[in-house]
Amino acid sequence: MCGIVGYVGSRNTVNILLEGLKRLEYRGYDSAGICFFTEGTMTVKKEVGKLIHLERRLAEEKVGSGTGAGIAHTRWATHGEPSVRNAHPHLDCSGRFSVVHNGIIENNAFLRKQLQEEGHRFASETDTEVIVHLVEKHFQGDLAEAVRKASLALEGSFAVEAMSAFVPDEIVAVRRGSPLVIGTGQGEQFVASDIPALVAYTREVVWLEEGDLAVVRPEGIRVLNAVSGSAVQRETQRVAWDAQQVEKGRFPHYMLKEIHEQPEAILQMAQRGVLFQGAAPERLFAGADAISQIDLVACGTSWHAALVGKRMIEKMTGLRVEVDIASEFRYREPIVDSKTLTIGISQSGETADTLAALQMAAEKKSAIWAICNVAGSSMTRLAETVLYTDAGPEIGVASTKAFTCQLVALYQLASTIAAVRGTAPLSEPERRSELSVLSKQIREILQREEEIRALASEYRQKRDFLFMGRGIYHPIALEGALKLKEISYIHAEGYPAGEMKHGPIALIDPEMPVVFLVPQDAVYEKVLGNIEEVRARGGRIIALAQVGDERVADQAHHALYLPKNNTFLNAVLMTIPLQLLAYHIALQKGCDVDQPRNLAKSVTVE
Ligand code: G6P
């Protein structure tokens with residue numbers, strides 16, 4: 001949800017800000033804007049639509065490079081339609097203060113009324129604009145103090161960067177509820193919502209904590225507590241990701257690149273083995289005070305991983321597992337106590353609802369863990385133990401490699417708990433070798449992309465799709481449907497195949513493609529029965545089957561044969577063709593695969 005970038009230093013400010021915004025466009029892309037100094041004057045330029053429109057305008061107007069401080073923003077609208085007026089940065093009445101913001105100011109209406117009564121004139125419909133007027137109101141020669149006082153009046157979540165014509169080489173950044181990271185360099189500093197914006201320039205970073213305010217100047221940064229104004233110490237960390245990982249490389253889209261990175265990412269997880277950071281897991285699963293229930297909370301694709309995880313953990317460990325969509329969990333008054341372990345699953349580690357759900361569970365004395373892809377993110381700092389997915393940066397809005405790595409992490413987690421409880425079927429080296437085989441098998445499937453491209457061209461005109469699976473394949477069917485609807489805008493639903501007769505069968509006609517996931521497991525015959533029923537009603541059947549299955553080809557209009565691994569890891573294999581199918585249908589329909597309409601990769605507001 002909105003990406004913000006800031007720079008102070010002696011390089012080309014405009015270029016650095018634009019490059020940073022490009023890397024953050026996955027966070028929102030309905031309008032963009034930039035504020036910088038040109039010949040000593042603070043200048044703001046904004047455009048509606050993707051960043052490219054702003055870039056073109058800056059090039060046409062030959063705005064030059066800028067000097068000193070600059071801030072920039074790519075927006076995902078919450079308050080007010082996408083328009084030049086509502087795009088950030090926002091200015092105060094005098095045009096001497098400028099602010100960009102990610103988050104939501106909940107007491108915006110109240111503050112706006114108050115400021116208007118005091119004589120401030122508003123130019124936009126955004127909640128953000130109150131911040132810059134508050135800064136103007138409180139400024140008495142010290143920008144940091146004015147931003148600090150402004151932040152105290154704000155309710156809601158925010159990451160803010162402010163600059164002023166009075167101090168052309170300073171940015172003041174403050175966070176509460178939305179992420180901010182500072183990249184430190186020699187004589188220059190970078191501020192951003194996320195690492196990809198700055199990794200091309202520096203890998204030394206400082207993550208701001210809740211309630212931190214940073215005064216950022218070329219020679220260094222000073223971090224204060226925004227409430228008390230007293231100095232706080234924050235450690236500098238080295239980022240593991242490099243600049244190349246945030247490029248598309250030889251691929252036309254991030255999504256395709258990320259689909260193809262899955263074998264390598266899973267191989268790394270196999271070679272590394274299970275690595276928990278923080279408190280050792282053994283403590284929780286042995287002895288009289290052992291955990292008796294696990295709650296998995298997540299949103300979107302990560303929720304689908306949680307649904308698979310439930311089946312893995314329950315089967316392998318005998319522990320009861322609950323799964324919740326985080327936005328439901330936080331308002332349903334769940335039964336959680338000190339014998340509960342609540343695990344947040346999140347690619348970004350910044351999803352507002354998942355963070356809030358974990359905070360609520362912590363208040364009820366639950367132990368808090370995270371399965372996360374971004375080191376240093378809010379969730380990793382909230383959790384006492386983190387199990388990292390080694391997927392590397394994921395930039396395509398539709399999650400692919402992060403999902404399959406989450407499945408692998410959940411499998412590793414289930415195996416570890418099972419080992420502590422004495423129910424593990426395999427030893428750690430055996431598990432590692434299974435995962436190495438999985439990586440090879442994914443590679444094999446990816447080599448058959450042509451088959452899937454052909455299937456996509458046959459079905460790309462359809463208006464609706466159904467995806468059916470049973471057991472562990474039900475969440476995979478949900479994920480297949482989600483991928484397709486997110487990027488191709490085709491209406492798609494996932495169902496447990498056993499529920500078909502309770503509703504979706506009414507939709508079946510020759511125009512309805514139904515993707516069946518058909519593993520050779522205990523419910524194989526049942527799924528074949530469901531396929532028969534769709535066939536009898538004229539539906540088009542695409543079956544994802546396993547090698548050696550002689551019967552499914554007679555029933556389905558298309559059968560795609562996949563290699564076999566163990567019961568749980570087969571779910572990972574079934575995911576790959578579904579990702580490719582969604583990608584190729586969206587591509588052939590001319591959709592913007594990496595930045596689908598209305599979506600954002602990181603949902604940092606409720
Ligand atoms: C958004 C993204 C999804 C993602 C979900 C949860 O909706 O578009 O791809 O699955 O957020 O994000 P998280 O970072 O918590 O996994």
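# Exercises on helices, loops and contacts

Leu 484 touches Phe 465, Phe 467, Tyr 489, Ile 490, Ala 492, Ala 582 and Ile 585, leaving aside residues up to four places away in sequence. The model is a predicted one, and the exercises below start from this residue.

## Exercise 1: the setting of Leu 484

Task: Find the helix in which Leu 484 lies, and decide whether Leu 484 counts as buried or exposed.

Solution:
- Begin with the secondary structure: Leu 484 belongs to helix H16, residues 473-488.
- Next, take the relative accessibility of Leu 484, which is 1%. Buried means under 20%, so Leu 484 counts as buried.
- Then look at a residue elsewhere in the chain: Ala 424 is 60 residues from Leu 484 in sequence, and their C-alpha atoms are 36 Å apart in space.
- Finally, pick one of the contact partners, Tyr 489. Tyr 489 sits in the loop between H16 and strand S22 (491-496).
- The phi of Tyr 489 is near 65°, a positive value in a residue other than glycine. Most residues other than glycine have a negative phi.
- With a relative accessible area of 30%, Tyr 489 is partly exposed.

## Exercise 2: checking the length of two helices

Task: Compare the expected span of H13 with the distance between its end C-alpha atoms, then do the same for H1.

Solution:
- H13 covers residues 401-421, which is 21 residues. At 1.5 Å a residue these should span 30 Å, and the end C-alpha atoms are 30 Å apart, so the two agree.
- H1 covers residues 13-24, which is 12 residues. Here the expected span is 16 Å and the end C-alpha atoms are 17 Å apart, which agrees.
- Now turn to burial. In H13, 18 of the 21 residues are buried, so this helix is largely enclosed by the rest of the structure.
- In H1, nine of the 12 residues are buried, so H1 too is largely enclosed by the rest of the structure.
- The buried residues of H1 are Thr 13, Val 14, Ile 16, Leu 17, Leu 18, Gly 20, Leu 21, Arg 23 and Leu 24.
- Their cover includes strands S1 (3-8), S2 (31-38), S4 (67-75) and S10 (189-192), along with helices H2 (51-60) and H6 (254-260).
- Last, step past the end of H13: Gly 422 follows, and its phi is positive, near 75°.

## Exercise 3: two helix pairs

Task: Classify the packing of H3 with H4 and of H7 with H14.

Solution:
- Two packed helices are described by the angle between their axes and the distance between the axes.
- For H3 (residues 108-117) and H4 (residues 129-138), the angle is about 45° and the axes are 10 Å apart. That makes H3 oblique to H4.
- H3 passes H4 in a left-handed crossing. On the H3 side, the contact is made by Asn 108, Leu 111, Arg 112 and Leu 115; on the H4 side, by Glu 129, Val 130, His 133, Leu 134 and Lys 137.
- Sorted by character, the residues of this H3 and H4 contact are four nonpolar, two polar and three charged.
- For H7 (residues 262-272) and H14 (residues 428-446), the angle is about 175° and the axes are 8 Å apart. Angles over 145 degrees count as roughly antiparallel, so H7 and H14 are roughly antiparallel to each other.
- H7 brings residues including Pro 263, Ile 266, Leu 267 and Ala 270 to the contact, and H14 residues including Leu 435, Leu 438, Ile 442 and Leu 446.
- The residues of the contact of H7 with H14 divide into eight nonpolar, four polar and four charged.

## Exercise 4: three loops

Task: Describe the backbone at Pro 89 and at Lys 365, then place Gly 318 in its surroundings.

Solution:
- Pro 89 is in the loop between S4 and strand S5 (90-91). The peptide bond from His 88 to Pro 89 is cis, with omega near 0°. Most peptide bonds are trans.
- Lys 365 is in the loop between helix H11 (352-363) and strand S19 (367-372). Its phi is near 80°, a positive value in a residue other than glycine. Lys 365 is exposed, at a relative accessible area of 60%.
- Gly 318 lies in the loop between helix H9 (300-317) and strand S17 (320-325). At a relative accessible area of 58%, Gly 318 is exposed.
- Gly 318 touches Ile 313 and Arg 421, not counting residues up to four places away in sequence.
- Gly 318 and Arg 330 are 12 residues apart along the chain, with 26 Å between their C-alpha atoms.

Notes. Residues are numbered from 1 along each chain as its sequence is written. This is a predicted model: local features need pLDDT of at least 70, side-chain atom pairs count only at pLDDT 80 or more; totals for chains, interfaces and linings use all residues. Side-chain values use heavy atoms; hydrogens and water are left out. Helices (H or I, at least four residues) and strands (E, at least two) are DSSP runs, numbered from the N terminus. The expected span of a helix is 1.5 Å times one less than its number of residues. Buried means under 20% relative accessible area, exposed over 50%, partly exposed in between (1.4 Å probe, protein chains only). Axes are lines fitted to C-alpha atoms, for helices over the stretch in contact, and angles run from 0 to 180 degrees between N-to-C directions. Angles under 35 degrees count as roughly parallel, over 145 as roughly antiparallel, 65 to 115 as roughly perpendicular and the rest as oblique. A crossing is left-handed if the near helix is turned anticlockwise from the far one by less than a right angle, and right-handed if clockwise. Contact means heavy atoms within 4.5 Å. Ala, Val, Leu, Ile, Met, Phe, Trp, Tyr, Cys and Pro count as nonpolar, Asp, Glu, Lys and Arg as charged, and the others, Gly among them, as polar.
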